[in-house]
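Dear colleague,

Please find below the structure I said I would pass on. My notes on what was found in it follow directly after.

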Amino acid sequence: MGDTAPVLRIDGLVRRFGERTAVDGVSFQIAAGETYGLLGPNGAGKTTTISMIAGILAADAGSVHVHGVPITTAANPHKRHIGFVPQQIALFDDLTARENLRFFGGLQGLRGKALDARIAATLDMVGLSDRADDRIDAFSGGMQRRANIAVGLLHEPTLLILDEPTAGVDPQSRNQILESVEQLGTAGLSVLYTTHYMEEAERLCDRVGVIDNGRLIAEGTRRELVTQIGEHDRIVVRGDDHLQEFAAHVRHLPGVVEVSVADHSAEVSADDGAAVLAGVVTCAVEVGMAVTGVEVHEPNLESVFLHLTGKALRDRAD
Ligand SMILES: Nc1ncnc2c1ncn2[C@@H]1O[C@H](COP(=O)(O)OP(=O)(O)OP(=O)(O)O)[C@@H](O)[C@H]1O
Ligand SMILES: [Mg+2]
């Protein structure tokens, strides 16, 4: 186990189902503490990819390395580094959260005080400590999902894989799940998160891989991805006077790509809107402009997906 090896490295993963190639040569890496989003529409190949990573589905080609050690469907102690949370809730309805965790912890070989301590820790991580002794069938959908995540965390994995954990839950539960995942990421766990909601990928993920038709078609931070498709952040500065003078000054700021002036506003394009914002506002003050509003617009992953595939990311009927 090389210390410098990434937590996860997959190379050229391929999986066919009959004539259909569900995953067609997917490669990416996840570093320690990184939250990586696999973003793609229904049928893109997300679940198939992570099932091969977790070693529950055989790959037709390619490799999976966890902490530098190859993983296949064969038994391998290194699989313990992975916590896998499937999309379907896999809990006993008529048991409490604690009883479920005790059962699944037992399957992982945890016993006694060590198990009790892990149960307390994982319930805390997903914000369910105060509901530990309530039955699962008395939980909301979002709470059930968080209990499901706690099961995946019991054996202290270094990589947590979550398959669309917010699919089909109400907005409040969704937010609770996202908060739990955010906290896990902050706590230093590596997370692989699949979703077809670009807002979730933008909020949670350090890096995003965009997957479509079984292929990874782009990868990077939101900023890297929007730069790759040639889009810029836009700052709209509203005001009525000194607009031309303002534009002439702003044009010379480092990081500013373009400035255009309209009747009651100026629009500044920049690679990083937040980075030039203070300079832009200072320019307005210096030329004596009475600013009535400032807005920063950042292109999102939806525009990246649309640009790359010519189709909308979200299945609107979902
Ligand atoms: N067991 C299987 N047998 C046959 N085809 C399959 C099987 N599993 C997946 N597929 C096909 O592989 C493709 C990728 O499916 P996959 O479940 O990986 O997509 P996904 O990105 O997870 O989609 P979703 O967002 O809907 O969960 C689809 O065309 C699907 O029909
Ligand atoms: Mg899926």
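A polar contact is a pair of N or O atoms within 3.5 Å. The model is a predicted one, and in it an oxygen atom of ligand 1 lies 2.8 Å from a polar backbone atom of Gly-43. Two side chains also approach oxygen atoms of the ligand: a polar atom of Thr-47 at 2.8 Å, and an N or O atom of Thr-48 at 2.5 Å. Taken alone, ligand 1 exposes 640 Å², of which the protein buries 62%.

The elements that contribute two or more residues to the shell around ligand 1 are β2 (20-30) and α1. Helix α1 supplies the largest share, 3 residues. By class, the shell comprises 4 nonpolar, 5 polar and 3 charged residues; among its members are Phe-17, Arg-20, Pro-41, Lys-46 and Glu-164.

Helix α1 (residues 46-53) is largely enclosed by the rest of the structure, because 7 of its 8 residues are buried. Lys-46, Thr-48 and Ile-50 are among those buried residues. Just after α1, Gly-55 takes a positive phi of about 75 degrees.

Turning to the interior, the largest nonpolar core has 46 residues, and those touching the most other members are Ile-149, Leu-160, Leu-162, Tyr-193, Val-208 and Leu-301. Helix α4 (residues 141-153) gives the largest share of this core, 6 residues. A second, separate core of 22 residues includes Val-7, Ile-50, Val-66 and Ile-71. Leu-160 has contacts that include Gly-83, Val-85, Ile-149, Leu-184 and Val-191.

With kind regards

Conventions
Residues are numbered from 1 along each chain as its sequence is written. Chains are lettered from A and ligands numbered from 1 in the order in which they are written. This is a predicted model: local features need pLDDT of at least 70, side-chain atom pairs count only at pLDDT 80 or more; totals for chains, interfaces and linings use all residues. Side-chain values use heavy atoms; hydrogens and water are left out. Buried means under 20% relative accessible area, exposed over 50%, partly exposed in between (1.4 Å probe, protein chains only). Helices (H or I, at least four residues) and strands (E, at least two) are DSSP runs, numbered from the N terminus. A nonpolar core is a set of buried Ala, Val, Leu, Ile, Met, Phe, Trp, Tyr and Cys residues joined through side-chain atoms within 4.5 Å. Contact means heavy atoms within 4.5 Å. A residue is near a molecule or strand if one of its heavy atoms lies within 4 Å of it. A polar contact is a pair of N or O atoms within 3.5 Å; within protein, one must be able to donate a hydrogen and the other to accept it, and residues adjacent in sequence count only if both atoms are side-chain atoms. Accessible areas come from the Shrake-Rupley method with a 1.4 Å probe; for residues, only the protein chains shown count as cover. Ala, Val, Leu, Ile, Met, Phe, Trp, Tyr, Cys and Pro count as nonpolar, Asp, Glu, Lys and Arg as charged, and the others, Gly among them, as polar. Lists of a residue's contacts leave out its neighbours within four places in sequence.
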